[in-house]
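Thanks, everyone, for making the time. I would like to walk through the structure now on the screen, beginning with some charged pairs and ending with the chain as a whole.

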Amino acid sequence: MMAVRRPPLAFLPWISVPLLLFIHHAHSFYLPGVHPEDFQKGDALMVKVNKLTSIKTQLPYTYYSLPYCKPKEIVDSAENLGEVLRGDRIENSPYVFKMREPQMCNVVCRQILNEKTAKEFKEKIDDEYRVNMILDNLPLVVPIRRLDQESSFLYQHGIHVGLKGKYAGTNEEKYFIHNHLTFTVKFHKDQQTDAARIVGFEVRPFSVKHEYEGEWSETTRLTTCDPHAKRSVTTSDSPQEVEDKKEIIFTYDVEFQESDVKWAYRWDTYLLTADDQIHWFSIVNSLMIVLFLSGMVAMIMLRTLYRDISKYNQLETQEEAQEETGWKLVHGDVFRPPTNSDLLCVYVGTGVQFFGMILVTMIFAVLGFLSPSNRGGFMTALLLLWVFMGLFAGYSSARLYKMFKGTEWKKIALRTAFIFPAIAFSIFFFLNALIWGQKSSGAVPFGTMFALVVLWFGISVPLVFVGAYVGFRKPPLEDPVKTNKIPRQIPEQAWCMNPIFSILIGGILPFGAVFIELFFILTSIWLQQFYYIFGFLFIVFAILIVTCAEITIVLCYFQLCSEDYLWWWRSYLTSGSSALYLFLYAAFYFFTKLEITKPVSGVLYFGYMLIASYAFFVLTGTMGFYACFWFTRLIYSSVKID
C-alpha cells in the first residue's frame, strides 16, 4: 500500500471539524439487533472462511475451490441477499481457537500436490488472490506498518494465497504458498466478570518448508516449529514451494492480546484504513467551490429574472409588446407536450424511484443503521427500497402523463415498471453468465435470480400500478398559460445554444460535484476497501441536487430567451449528461488505477459501470427536469399574459 503524506490539520476548513466528529460517532453506532458476544476463558472460537478475492480479476471464488485443509463437514452459513450478490460464500473452517489460550504450531493438515492442484495454486498466486476469514463477525486483516509513521498501521483485508520470488543466486522465478498463519486475537476484558469481547482479528502469514523426522503420522512432531521446544515460526527464510509432488504442511499459531478498544469501537481500525485527512480536505474544498459557483449563478439569474418580470409587467401598449423579445414571446408554446412524451413520463417516474431509494438509504446509513458489521446490508436495503419506491414511480409518471392529456395510464404504468429494470436486468444477466462461465462464486445462483424476479414482478410491478392508479385519479396540473393550436417557428439559434453543445456543457458541473467522492467510491468497490463516510456522501448528494437544479434552470432560461420552447427533453438531458462524464471517468480510472488484465474482468467492469452510469443518468436527469418544470411554471405565472 502506498503511504500518503499527511497535511497539517490547520489547513482544514472550519466546516470539517464538526463533520469529522459526526463521522467519528457514526462509526461507533451499530445496527440494532447486533449484540456483542461475551467469551469466557476456554470458550471455543470458530473461524469461518469467506471467498477468495483478487483486485486483478474481480472474480471471487469459494475458499475450498483451492485444495486447502477442510473440516470433517463443510457447513454453509446463511447469507442475505446482498451477500449473495457480492459473491460472499461463508463456510466453517478447520481453524478452532480457545479464548485466551495461546497455541503454537498447530498442524491443520498435510497435502501432497499433484499437477492439477499445483497449477490451481499458481494461478491464484499469479492473480494475487487473497484468503478472507471471519471471527466473531470481524474480517481478518494483515497489519502493515506505515512508512511515514512507525507507530501507525495500514490494514490489508485478507492474506495473499502466496507470493512469487527467486532464490539467491538464481534467475528462475518460483511460487511459494503461505502455509503458516500466526493469528492475533485482540480482546477487551470486563474486569468484574472476567468475560471478554473480541475487538480485533489480525494475522501474519509465513511460507515455511516444514521438516520432520521419520514417516509422517498424526503424532509426528515438526522440527521447524515445536510448541514443546518453544520454537515458533518468525520468518520465511526457508519458504514452501508450490510444485507437483511437493508436500505442504499447513500450520498456525494463535496469540491473544488484551486491548483498550471497546467493542462498540472495534470497527474503527477497519474503516479508517488510510490517511483520511487528505480525503476530508479535498472533499470539503471541492464542495465549498461548487457551493460558491452555484450561489453566484443563482444570484445573477434571480436578479436578471426579476428585471425581466418587472419589465414585462410594465408594458402598456401593444406596439411595445410586439417589439419585445425574450422568453415571454413563447408563452403560447412553452407548455406544448414534447415529442415522445410517454417515454419522458416513464423516465421521470423511474428517476423519482431512484431518488427515493437513494435518499432513504443515505438517511439510514448516516444514522448508522447500515453498519459494516451487517455484510450485504447496504445492497439489500438498496434493492428492497427500489422495489417499494415503485409506488412513487407509478404516481409521478401517471401525474405527468395526465398533464400531457394522456388517457391510457395502464400503458404508462407498464412501461415504467419494465423499461429501466428490463435493460439493467438484461445487462446483469449477461454479465452473470460470463461469471458463471468462469466458475466463480460471484455468479448469482438460480434461486437468488428467481428471488430477484419475484421481487420485481411480485412487488415492484403491482406497486407501480397502484401508484399510477392513484396519480391518474388526481386532477391534472393546470398550465399557467394557454397553449396555441399552431406551433410557433423557432428562430435560428446561436452556436452556443446548439442542443448538443448546451447539453454536454450542462453535465460538467453536476459531475464536478461528485467526481472526487467518486474516486473513493470506485476504490472501495474495485480495490475491496470499506466505504463508510456516509456523512460526507450525504452532503455530496445534496450538492448534486443543487447543481443539477441550478445548471438546468440557467440553461433553460437562456434557451427560452432565445425563443426556443423545446425545453422538456433538453432539461432532462442537460443534467443527465453528467452520466456520460461519469462513464468516461470510470474508463479513465480503469486504465490508470486498476491492473485488470483478463478480458472477462474488463467486460464485467464496464458492464457494471454502464448500469451505474445509466442509473446516474436517470437520477440526475429527473432532478434537472423537475427543477426546470418548477422554474417555467413559476416565471410564466408571474407575468401578465394578454
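Lys-186 and Glu-202 are both buried in this model, which is a predicted one, and their side chains meet in a salt bridge with an N to O distance of 3.0 Å. Lys-186 sits in strand S11, residues 180-189, while Glu-202 belongs to strand S12, residues 196-206, so the pair ties together parts that are 16 residues apart in sequence. As a general point, side chains of opposite charge can pair when their charged atoms come close.

A second pair of this kind is Arg-570 with Asp-564, which form a salt bridge whose closest N and O atoms are 3.0 Å apart, and here again both residues are buried. Salt bridges that share partners also join Asp-342, Glu-408, Lys-411 and Arg-415 into one network.

The pair of Arg-86 and Asp-88 should be set beside these, since their side chains meet in a salt bridge at 2.8 Å, N to O, but the two residues differ in their cover. Which of them is buried, and which is partly exposed? Asp-88, at 0% relative accessibility, counts as buried, whereas Arg-86 has a relative accessible area of 37% and is therefore partly exposed. A search of the whole structure finds 17 salt bridges, and the pairs I have named are among them.

Let me turn from charge to backbone geometry, where two residues deserve a look. Arg-100 has a phi near 60 degrees, a positive value in a residue other than glycine, and its place is in the loop between strand S2 (91-98) and strand S3 (103-112). With a relative accessibility of 16%, Arg-100 counts as buried, because the cut-off for that class is under 20%. Asn-137 likewise has a positive phi, near 70 degrees, and is not a glycine; this residue lies in the loop between strand S4 (130-135) and strand S5 (138-139). At 23% relative accessibility, however, Asn-137 counts as partly exposed.

Next, the helices, and how they meet. Helix H12, residues 499-506, and helix H13, residues 508-526, pack at an angle of about 20 degrees, with their axes 5 Å apart, and the two are therefore roughly parallel to each other. The contact is made by Leu-504, Ile-505 and Gly-506 on the H12 side and by Ile-508, Leu-509 and Pro-510 on the H13 side.

Two further helices bring in residues that are distant in sequence. Leu-291 is found in helix H5, residues 277-313, and counts as partly exposed at 43% relative accessibility. The C-alpha atom of Leu-291 is separated by 9.1 Å from that of Ala-513, although the two residues are 222 apart along the chain.

Val-618, in helix H17, residues 599-636, is buried, with a relative accessible area of 0%. What surrounds Val-618, if we leave aside its neighbours within four places in sequence? Val-618 is in contact with Tyr-347, Thr-350, Gly-351, Phe-354, Phe-420 and Tyr-572. In addition, the C-alpha atoms of Val-618 and Gly-576, which are 42 residues apart along the chain, are separated by 6.6 Å.

Moving out to the surface, I would point to a nonpolar patch formed by Ile-363, Phe-364, Leu-367, Phe-369 and Phe-538, which together have about 410 Å² of accessible area. Within this patch, Leu-367 has its place in the loop between helix H7 (341-366) and helix H8 (377-388), and with a relative accessible area of 48% Leu-367 is partly exposed.

Finally, the chain as a whole. How many helices and strands does the protein chain have? There are 17 helices and 13 strands. Of the 642 residues in the protein chain, 51% are buried, and the chain exposes about 31,400 Å², of which carbon and sulfur atoms supply 61%. Among the contacts with a separation of 6 or more, 81% are accounted for by residues 24 or more positions apart, and Val-618 with Tyr-347 is one of the contacts I named earlier.

Key: Residues are numbered from 1 along each chain as its sequence is written. This is a predicted model: local features need pLDDT of at least 70, side-chain atom pairs count only at pLDDT 80 or more; totals for chains, interfaces and linings use all residues. Side-chain values use heavy atoms; hydrogens and water are left out. Patches are made of residues with over 30% relative accessible area and no salt bridge: like charges are joined within 9 Å, nonpolar side chains (Val, Leu, Ile, Met, Phe, Trp, Tyr) within 5 Å. Accessible areas come from the Shrake-Rupley method with a 1.4 Å probe; for residues, only the protein chains shown count as cover. A salt bridge is a side-chain nitrogen of Lys or Arg within 4 Å of a carboxyl oxygen of Asp or Glu. Helices (H or I, at least four residues) and strands (E, at least two) are DSSP runs, numbered from the N terminus. Buried means under 20% relative accessible area, exposed over 50%, partly exposed in between (1.4 Å probe, protein chains only). Axes are lines fitted to C-alpha atoms, for helices over the stretch in contact, and angles run from 0 to 180 degrees between N-to-C directions. Angles under 35 degrees count as roughly parallel, over 145 as roughly antiparallel, 65 to 115 as roughly perpendicular and the rest as oblique. Contact means heavy atoms within 4.5 Å.
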